[in-house]
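Here's a small set of exercises to work through with the model open. Try each one yourself before reading the solution.

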Amino acid sequence: MIILVGTNITEAHPVAATFVKDAVLAGCKLIVIDPRRTDMVDFADTHVPLNVGSDVALINGIMNVLISENLYDKKYVESCTEGFEDLKKKAMEYPPERAAGISGIPADNIRELARKMASVKPAMLMYTLGITEHICGVNNVMSCANLQMLLGNVGFECGGVNPQRGQNNVQGACDMGALPNVFPGYQQVANADARAKFEKAWNVKSLPDKPGMMMPTMMKNLTTGKVKAFYVFGENLANTEPDIHHVERELQSAEFLVCQDIFPTETTRFAHVVLPAAAWSENEGTFSSSERRVNRVRTASVPPGVAKPNWWIFKEIAKRMGHDWKSNSAQEIWDNEVSVLAPSLAGIKYARLENDGLQWPCPSEEHPGTPTLHRDGKFTRGLGMLKAIDYIPPAEVPDKEYPFVLSTGRRLYHYHTRTQTGRCQGINDLLGEETADISAGDAQAMGIADGEMISVKSRRGEVKVKARVTREVPKGMVWMAFHFREACANWLTNPVYDPVTQTAEYKACAVKIDKLK
Amino acid sequence: MSDTFILNGKETPFMPGQMILDAARNGGIEIPTLCYLKGAAPTGACRVCCVEVKGARSLTAACSTPVTPGMEVTTDSDFVHRARKLNVELLLASGRHNCLMCQANGDCRLQDLAYFYKITELQFKEKDEKDIYPTEDMNPFIVRDFSRCILCGRCVQACNELVVNRAISQGYRGSESKVVTGGDSPYNESECVFCGQCVQVCPVGALTEKKAKGLGRPWEVQKIRTTCPYCGVGCQQWLHIKDGKIVKVTAVEDAQPNQGRLCVKGRFAYDFIYSAERLKTPLIREKDGEFREASWDEALDLVADKFKEIIKKDGPDAIAGVSCARSINEDSYQMQKLFRAAIGTNNIDHCART
């Protein structure tokens, strides 16, 4: 069984979707939990069209049934997890009737769903940004983990809690320590031993011990003056961050903004210095995929003009600040530094990556890599931690003035702000503009025709955009992407964040729509 | 212990349920195929894989006939070769298989078979021009040249059984047979999502990449394996390179994780790297607000000097940076090293949280 939660996999991860569809053709049961009627619903046994942002309530309701009807995996819970009593107490506060009131899924359907989930083992749960892009994103992820542990599904092939990573190397950027609290390989900057190890390797007297700022805090501090210089490498923040008017004020406030990119973007407009970089096919290197697989990237063509590899640019700046770094190629950086300093990557060397790559943890050069984590329920931390979690609603919910919920995401043909796909011959022919997707019911009630220009307005901005009347979205929802500048959803989205991860609530804010006269 | 059968007079093991084709390949005997598609149900459509099975009434399709214990199979008798050659001759007359003008020239299974069987002239009357469906290339990526289609059905199987996009099927009957979308509309007006799996599996020149047209022959290109630059699945691609330029992208067959599959972006959205809008030189903003071109030395000196000045005045934590989740691991490693070791701050992050 496969459970998809908040993941429009056919558009955001199309090749992964083909394997899910293959599984369904081979007899696998599929449950799709998503407010929208995504393409995968055509393949599903059950579609659970919950209200936007009600995941915790729904999952608590499901767990209530699993526990009350004795359907959960008692042996697994007893031997592999801790925190069950707290979780049970919390789940008992969410009888299906209460969960139904919040999620919009009838109580009996929640019971059926719980029984269905308990009927097959193992079941694989996959999620994407429908889970994380909420002010309760961390809680949503932990709820998914609660559910899978309660069902005894973590630690097995075709089981587990599987996030589909949005970018080709977002896993790798985390692994490499491009995070404010950890060095490469998730070694804490607050840990003195870790610092000592990196101080020695990098030949510096001391390294900072206090975790740094997360991106939203950095940007906020551009306006307070606490952050003077901001170095943006390969990000188009002026289109990707919530509330573009606000984001542009922040970028405008930077005393010194460095942008390193392959194209001029809406963000480089604010830069003081722009550094031209080599692109994907102009580099030797590695990407790490959703499944922690380190894959090779190889050079096929030369960069234009005097554009340079990014690692070279950083090395040159370091040199000018008094640091002479030895590694002089991506392979030297990986083989002589990354794999030496990060224990989970120690066994991964370029020579071993010729074919299908290797999945970390891979602690030694004889190790075959690790496709499945927490094998047989033996968790990395010892026991799997069940957490009692309460539902909280999105920060901004529809009201009289802004009666629709706006949810956002990606479409198949474009990627993010189109810096790449917008410059590929043919892609714009398949999708040439943004639309606001609305339900037939709402369209009819408001007299809006498919393809008609409408105004979508939130407390932060307004866009004029074509309406796309579709059965994909439920009544009361407007759905948009952020591929096109003029009608980018981020003129409207709400800059409120999960308190732990500072992930923004892209999936829920309140808007109103109007016919344009 | 596995069962055995007799393959070209030699006792050969097979697994229960295995087709003759697979068992023969395991036994080191290659049988030619056109329609066979790994991972899909065999159709036996092309008859090029025919073999002799002792006791059978006629020749048998190796791709769709399960082996039975003791079965006696001959793959290389004159009878078999004459039948295969005849099948190839019929296919050659089924359309316009004029290799000089074909994008698939040099990478075509039908051409390979015609060459192997030393066919020098058409034995049958070629299909009438008026009976051939016109070429369709209204969409930006895929050319459907029906004059070269041998109706093997691999595209239909790939679309329905591998990627399960269910956009095409076998349409019409007899000599009017055609691979069609719903309502026989052009690809761009159909359910097609342009993953290009049909092109990937087409054994002839019926389905080809429009953007690759005229840019390079198979024997002129070098294939370089790499990883797709879009989502986090990590699909393995072949970049087909001629004169230092990517002319097309195909999926690496039998590679993990994508097993020969790509999506529309992975297969067709590679040419952004050649955009005239690429940044080609460092730029520095002047006092009047305009950018001017600068040398690397000048731009890098400026960045380093400004960082040093800010560190001196406001401390290292007044500098912050975000790395790129699109670029290689080694770039992110270098950037966090720059921030931690050279600048002295942990203010380094990237877009993982969004």
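**Exercise 1: two helices in chain A**

H3(A) passes H9(A) in a left-handed crossing (near helix turned anticlockwise from the far one by less than a right angle). Before you start: this is a predicted model, where local features need pLDDT of at least 70, side-chain atom pairs count only at pLDDT 80 or more, and totals for chains, interfaces and linings use all residues. Residues are numbered from 1 along each chain as its sequence is written, with chains lettered from A and ligands numbered from 1 in the order in which they are written.

Task: work out how helix H3 (residues 55–68) and helix H9 (residues 137–150) of chain A pack.

Solution:
- Step 1: the angle is about 15 degrees and the axes (lines fitted to C-alpha atoms over the stretch in contact) are 9 Å apart.
- Step 2: H3(A) and H9(A) are therefore roughly parallel (angles under 35 degrees).
- Step 3: among the residues that meet are A:Ile59 and A:Leu66 in H3(A), and A:Ser143 and A:Leu147 in H9(A).

**Exercise 2: chain A against chain B**

Task: find how many residues of each chain are in contact (C-beta atoms, placed from the backbone, within 7 Å).

Solution:
- Step 1: 118 residues of chain A touch 98 residues of chain B.
- Step 2: helix H15 (residues 310–320) gives the most to chain A's side, with eight residues.
- Step 3: strand E11 (residues 273–276) of chain A and strand E13 (residues 283–285) of chain B pair (at least two DSSP bridges) in the antiparallel sense over two bridges.
- Step 4: A:Val273 has B:Ile284 as its bridge partner in E13(B).

Terms used
Two residues are in contact if their C-beta atoms, placed from the backbone, lie within 7 Å. Helices (H or I, at least four residues) and strands (E, at least two) are DSSP runs, numbered from the N terminus. Axes are lines fitted to C-alpha atoms, for helices over the stretch in contact, and angles run from 0 to 180 degrees between N-to-C directions. Angles under 35 degrees count as roughly parallel, over 145 as roughly antiparallel, 65 to 115 as roughly perpendicular and the rest as oblique.
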